[in-house]
Structure formats: C-alpha cells, structure tokens
Amino acid sequence: MGAHHHGGAAALSGDLRVALVGSPNAGKTTLFNSLTGLRAKTGNYPGVTVAKYEGLCRVEGRDLVVEDLPGTYSLDPISPDEHVVTDVLDPAHHSDTPDALLVLLDATSLRRSLGLLAQVMQRGLPTAVVLSFTDELRRRGGSLDVEALQRALGIDVHVVVGGVEGVGELKAALPQARSWTSPPFPPPTEAAERTAWIESVLRTVRYTTPGSTNAPGASTPCCCTPCSARCCSSP
Ligand SMILES: Nc1nc2c(ncn2[C@@H]2O[C@H](COP(=O)(O)OP(=O)(O)O)[C@@H](O)[C@H]2O)c(=O)[nH]1
Ligand SMILES: [Mg+2]
C-alpha cells in the first residue's frame, strides 16, 4: 500500500510522537494508514529528498502523531533513507525525536528483523514491537510463540495482521507509549554476540519457517561458544 494522503509540508504536533521503524515491506505504511486514516501530511526531511509522512491518530480524545519512517534493514546507514532513520532516532541530529518507537517485525523474516530491533533497542527509547505477517508465516506452515517472544525481548509485542486485525488493541496501548520499557538488559552491541542473541531468541520462540529449515542455523539447535558446528557466526 502506498496510499498516503498528500497535504501540506508543515510538521504536525500532538502530545505524543510515535515512529514506525522497520525494513521495507514490513507493513509500516499499511499500519500507518490504518492508524491515521486520511489525517496525514507529507513533507521532506531537512536537506534531503526523502519524503516524510506523519499523521494524527485519535485515541481516548487525544491526537497522537504517528510518523511512517523510511524502510531500513539496519542502523548502519548506507542509503539516504537509512540515514534519515538513524538521524531521527538521534536527538542530537533531530528536533522532533519520537517519544516512542514501534518496531515492525516481519514474522516471515524474523532473523533479519531481530537484527534491526537489536540495534534500535540500543537507542534506549521506549519501544514496542508490532509483529506483522503472522498470517503469511502460518500459511507457509511456519510458527512461533508470541508470548515467548515478548518474554525473550522484554518489551511488548502486538500482533497486527494486514493493518487490520490487532489494530484496536495496539491503538489502546499508544497513550502509554512513554512508559514502554527499554529493557534492563538490551541486546549486545558486538556483532557476534548479537548474532548469538538473535539465535537464542529464535530458539526460545521455537521459530520455524519452511523456507529456511535447511539454512545454516535456521532450525538446528545453536549456538555453543565457540560454535564447532559453525551454525552461526561465533568463532
Ligand atoms: N499477508 C500480509 N500482508 C501484509 C501485512 N502487512 C502488510 N501487508 C502487505 O505487504 C505489502 C507491503 O506493506 P507496506 O505497508 O507497504 O510495507 P512498508 O514498506 O513497511 O510500508 C502490502 O501489499 C501490504 O498490503 C500482513 O500482516 N500480512
Ligand atoms: Mg511504506
């Protein structure tokens, strides 16, 4: 979906700003449209041609600002889109840093999605997860334990399907966004340790996806340190 409503360039204001973070095609714009309806504005990020989409979401009589950030696979920016995301998450570079983040995890590519989430969680902003594409995962015969995912991550996980199912519950949680937890033990920053953390989360949630059962580290029990089976990137 790309049906953003094109309005003026002025930034919206509200008493709370929540930004959607996630890889391309994770379902951000679908959710954005669902949360904001047509109450959205388009502009540009300062100094770049990257489009900025923000809209108002009315919950409990309050107008909250929702920002649909460009898709990014990591916070090690390469493209201008990715630079925008890292800048927005850095208060030193951005005037209206979000009060809280909703990180979309595509359930069909959970390993890669968790890599981005691990980096985002390092920022220490109040963060919750939206798990998308659980319908597609199920259709392919895959599965995961959502409650175990929430426990393993230490932050709230909201299942939203196609920007429709689960949106009411997510909306109801938005007014408390400032109190979303930054977990007491954020994921490790060092690359090999982060990979081990991701594998441990995948094991904990008993993640299976038919397309990747033969991929290294996908469903094989992993990982011992050092990893003699070479099923992960630990030496
Ligand atoms: N099956 C399924 N499709 C979804 C879901 N969420 C979004 N989509 C579809 O996935 C495509 C990409 O979604 P979009 O919101 O544009 O992703 P974005 O790049 O993160 O903004 C669109 O065709 C959506 O209709 C979901 O939970 N399940
Ligand atoms: Mg989009």
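1. Two strands count as paired if DSSP finds at least two bridges between them. In this predicted model, strand β6 (residues 127-132) meets that condition with β7, the two pairing in the parallel sense over three bridges. Within this pair, L131 has V159 of β7 as its bridge partner. Helix α5 (residues 146-153) packs on the sheet here, where β6 and β7 are the strands touched. The direction of α5 makes about 155° with that of β7.

2. The sheet as a whole is open and has seven strands, in the order β2-β3-β4-β1-β5-β6-β7, and its pairing is mixed. At the edges stand β2 (40-44) and β7 (157-159); each has a single partner strand, so one side of each is left without a neighbour in the sheet. On average, neighbouring strands are turned by 25° against each other, direction ignored.

3. What surrounds β1? Four of its five residues are buried, so β1 is largely enclosed by the rest of the structure. Strand β4 (residues 62-68) runs parallel to β1 and is joined to it by four bridges, with V18 standing opposite V66 of β4. The pairing of β1 with β5 is also in the parallel sense and also rests on four bridges. Here V21 has V103 in β5 as its bridge partner.

4. Helix α3 (residues 110-121) lies across three strands, namely β1 (17-21), β5 (100-106) and β6. Relative to β5, α3 runs at about 165°.

5. The largest nonpolar core holds 54 residues. Those touching the most other members are L20, V21, L102, V103, L105, L117 and V129. Helix α3 supplies the largest share of this core, with seven residues. For L105, the contacts beyond its neighbours within four places in sequence are L110, S113, L114, L117, V129 and L131. Two of the residues just named recur from other points: V103 is the bridge partner of V21, and L131 is that of V159.

6. Which residues are closest to ligand 1? They are G27, K28, T29, T30 and S132, out of 17 residues that surround the ligand. Two elements, α1 (28-36) and α4 (134-139), give two or more residues to this shell. The most comes from α1, with three residues. By class, the shell around ligand 1 divides into nine polar, five nonpolar and three charged residues.

Methods
Residues numbered from 1 in each chain as written. Chains lettered and ligands numbered in written order. Predicted model: local features only at pLDDT ≥ 70, side-chain atom pairs only at ≥ 80, totals over all residues. Near = placed C-beta within 6 Å. Nonpolar A, V, L, I, M, F, W, Y, C, P; charged D, E, K, R; others polar. Axes fitted to C-alpha atoms, helices over the stretch in contact; angles between N-to-C directions. Contact = placed C-beta atoms within 7 Å. Core = buried A, V, L, I, M, F, W, Y, C linked by C-beta atoms within 7 Å. Buried ≥ 20, exposed ≤ 12 C-beta atoms within 10 Å, placed from the backbone.
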